[in-house]
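User: Could you give me a close look at the interface in this model, and then take me through the surroundings? I'd like it in plain words, as one connected story.

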There are 2 protein chains.
Amino acid sequence: MELKLSVDRLSQLSRAVLIFCKANGIEFEKVKIEFTKKHTRTPEFAEINPMQKVPAIVHGDFKLFESHAILIYLASAFPGVADHWYPADVHKRAKIHSVLDWHHSNLRVVQIIVSYSFDTDESCVFGYIFNSAIAIERGLPLNLQAAAKEEKLLSESLAKIESYWLQGDGPFLLGNEKPSIIDLSLVCEVMQPEAADESEHERILSPHKRILKWIEDTKNATTPYFDEIHSIMPLAREKIKELKVQASKP
Amino acid sequence: MELKLSVDRLSQLSRAVLIFCKANGIEFEKVKIEFTKKHTRTPEFAEINPMQKVPAIVHGDFKLFESHAILIYLASAFPGVADHWYPADVHKRAKIHSVLDWHHSNLRVVQIIVSYSFDTDESCVFGYIFNSAIAIERGLPLNLQAAAKEEKLLSESLAKIESYWLQGDGPFLLGNEKPSIIDLSLVCEVMQPEAADESEHERILSPHKRILKWIEDTKNATTPYFDEIHSIMPLAREKIKELKVQASKP
């Protein structure tokens, strides 16, 4: 049964799904969607996801959207996926769901607040750092106060990941010895500001040594696919640089 | 094994968990938490949920928070729960997860944006309608523009539920013949503004006939527990009325 992934590598949620498939040897056809070119607004895409967001999948005649739901489905429907990605044990699985829910109302909410502020439905915008770039692109006033608040929210989420979700002996979330879908999903989210500005991303992450180690461990566990899929980052930065240059011209 | 539910009926997420347990004959001990009295900030509660939110559960020595994760856990760990609440079929289950995720970034985000605006971590505040009451309580300026925007977001979410999630022959979400955890979770959310103002709630919901029918069908499917748990609503409204009277005094 053929699996088609409608994805845009600029979206952290798309990247998590792509890396998961590659790391687990799941064959798929990639349907390249560029949300900046409004591909998500076409009638063809609405057939796959009427909510007009990436990622979305078609597996045979089964359609699904929302990245967490997709990761769980892929881990459940493809028998080759090792148990550690989405454990069958009811208690371990419950903890995975708890982290996925927490992700929605913490790390992800930073992005959602930005998209809300800018009246956009692109919830993979880059928050805090990208705030100014988005404003420039749309001809909107900069809101440095909002950017500072968003950065504060992000830093608080990072601190909670360090002090709570990364407790325990293992290198991964929930103290696990091996990675699960929550590591991929949250690490891809934490990587997102790098698409806007490397040095700013470094500045925000540098106080969080445990987060930095977790990112490295997740990269290593999904080598070479993590870097392969994140090779979009320099292109994203180029685009933002261009916007900044344009905006600085009188 | 004893099940303890730490809940506050003012929280729509707590109500969904309470109704689920009662409708499925799951025995539990209720631990009454009042977030307005800062019970979620005590060291005792932090032992159960370090994120300081309700609902949270303790089952034997297993602790869990995040309402969606709790509903899934209860449906999975208690063998008496009928399959329709959280189907074992991988495709049906995937669709349930998709709705739960959508809930986070749509209906729930209205509440989260309000709590963000007011710098509170009580994400069960009442949005749009309650906006003014919260502002009064905290001595903050009213933000009618924000309230209007929040109401627009809510109405858009309701329209999407009607036009997409309630498609199909059955009376419940995903066109199901019988209710599932998503019906309980989303209906409790949609009921929340009633805790602030009955007539405003009616005004917002009245254009959405399909939503009104779905609320009734979900109530009927969980009778008498739905009304029993929602009997908190008049108390919430009394509190808000008092605040409004206080604020109108010179």
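Analyst: One bit of vocabulary before we start: a helix here is a DSSP run of H or I with at least four residues, a strand is a run of E with at least two, and both are numbered from the N terminus. Keep in mind, too, that this is a predicted model.

Let's begin with how the copies sit relative to each other. Turn chain B by 180 degrees, shift it 0.0 Å along the axis, and it lies on chain A with an RMSD of 0.0 Å. The two copies are thus related as by a two-fold rotation axis. The interface fits that picture: 100% of the interface residues of chain B are also interface residues in chain A, so the copies meet through the same surface.

How many residues of chain B are in contact with chain A? The count is 38, and they touch 38 residues of chain A. Between them, the chains bury about 3400 Å², with 69% of that area on carbon and sulfur atoms. If you go looking for salt bridges across the interface, the rule finds 0. Polar contacts do turn up, in 10 residue pairs across the interface, both partners being at pLDDT 80 or more. On chain B's side, at least two residues each come from strand 4 (62-65), helix 3 (67-77), helix 4 (90-105), helix 5 (107-117) and helix 7 (144-165). Helix 4 of chain B gives the most, with 11 residues on the side that touches chain A. By residue type, that side of chain B divides into 21 nonpolar, 8 polar and 9 charged.

Now step back to chain A as a whole. Chain A has 12 helices and 4 strands, and buried residues make up 57% of its 250 residues. Among contacts in chain A with a separation of 6 or more, 65% are between residues 24 or more positions apart.

Helix 3 of chain A is a good place to zoom in. This stretch, residues 67-77, is mostly covered, with 9 of its 11 residues buried. The buried ones are A:Ser67, A:His68, A:Ala69, A:Ile70, A:Leu71, A:Ile72, A:Tyr73, A:Leu74 and A:Ala75. Follow the chain onward and you get to A:Ala88, in the loop between helix 3 and helix 4. Is A:Ala88 buried or exposed? It's exposed, because its relative accessible area is 56%, above the 50% cut-off. Setting aside residues up to four places away in sequence, A:Ala88 touches A:Asp83 and A:Arg93. Its C-alpha is 9.1 Å from that of A:Ser76, which is 12 residues away in sequence.

For a contrasting loop residue, try A:Ala196, between helix 8 (181-191) and helix 9 (198-205) of chain A. A:Ala196 counts as buried because its relative accessibility is 8%, and buried means under 20%. Its C-alpha is separated by 9.8 Å from that of A:Leu235, 39 residues apart along the chain.

Helix 9 is also where you'll find one of the salt bridges. In chain A, the side chains of A:Arg203 and A:Glu200 meet at 2.9 Å, N to O. The two are 3 residues apart in helix 9, so about one helical turn separates them. Both are partly exposed, A:Arg203 at 39% and A:Glu200 at 27%. Chain B has a salt bridge between B:Glu200 and B:Arg203, again with 2.9 Å between the closest N and O atoms. There B:Glu200 is partly exposed at 26% and B:Arg203 at 40%.

Helix 10 has its own charged residues to look at. A:Asp217 lies in helix 10 (residues 209-221) of chain A and counts as buried at 17% relative accessibility. Its side chain makes a polar contact with that of A:Lys213 at 2.7 Å. Leaving out residues up to four places away in sequence, A:Asp217 also touches A:Pro171 and A:Phe172. Over in chain B, B:Glu216 and B:Lys219 meet in a salt bridge at 3.7 Å, N to O. They sit 3 residues apart in helix 10 of chain B, about one turn of the helix, and B:Glu216 counts as partly exposed at 37%. Back in chain A, salt bridges that share partners join A:Glu194, A:Glu198 and A:Arg237 into one network. Over all chains, the structure holds 16 salt bridges, while the interface, as we saw, has 0 by the same rule.

Notes:
Residues are numbered from 1 along each chain as its sequence is written. Chains are lettered from A and ligands numbered from 1 in the order in which they are written. This is a predicted model: local features need pLDDT of at least 70, side-chain atom pairs count only at pLDDT 80 or more; totals for chains, interfaces and linings use all residues. Side-chain values use heavy atoms; hydrogens and water are left out. Copies are superposed by least squares on the C-alpha atoms of residues with pLDDT of at least 70 in both. Contact means heavy atoms within 4.5 Å. Buried means under 20% relative accessible area, exposed over 50%, partly exposed in between (1.4 Å probe, protein chains only). Buried area is the accessible area (1.4 Å probe) that two parts lose on being put together, summed over both. A salt bridge is a side-chain nitrogen of Lys or Arg within 4 Å of a carboxyl oxygen of Asp or Glu. A polar contact is a pair of N or O atoms within 3.5 Å; within protein, one must be able to donate a hydrogen and the other to accept it, and residues adjacent in sequence count only if both atoms are side-chain atoms. Ala, Val, Leu, Ile, Met, Phe, Trp, Tyr, Cys and Pro count as nonpolar, Asp, Glu, Lys and Arg as charged, and the others, Gly among them, as polar.
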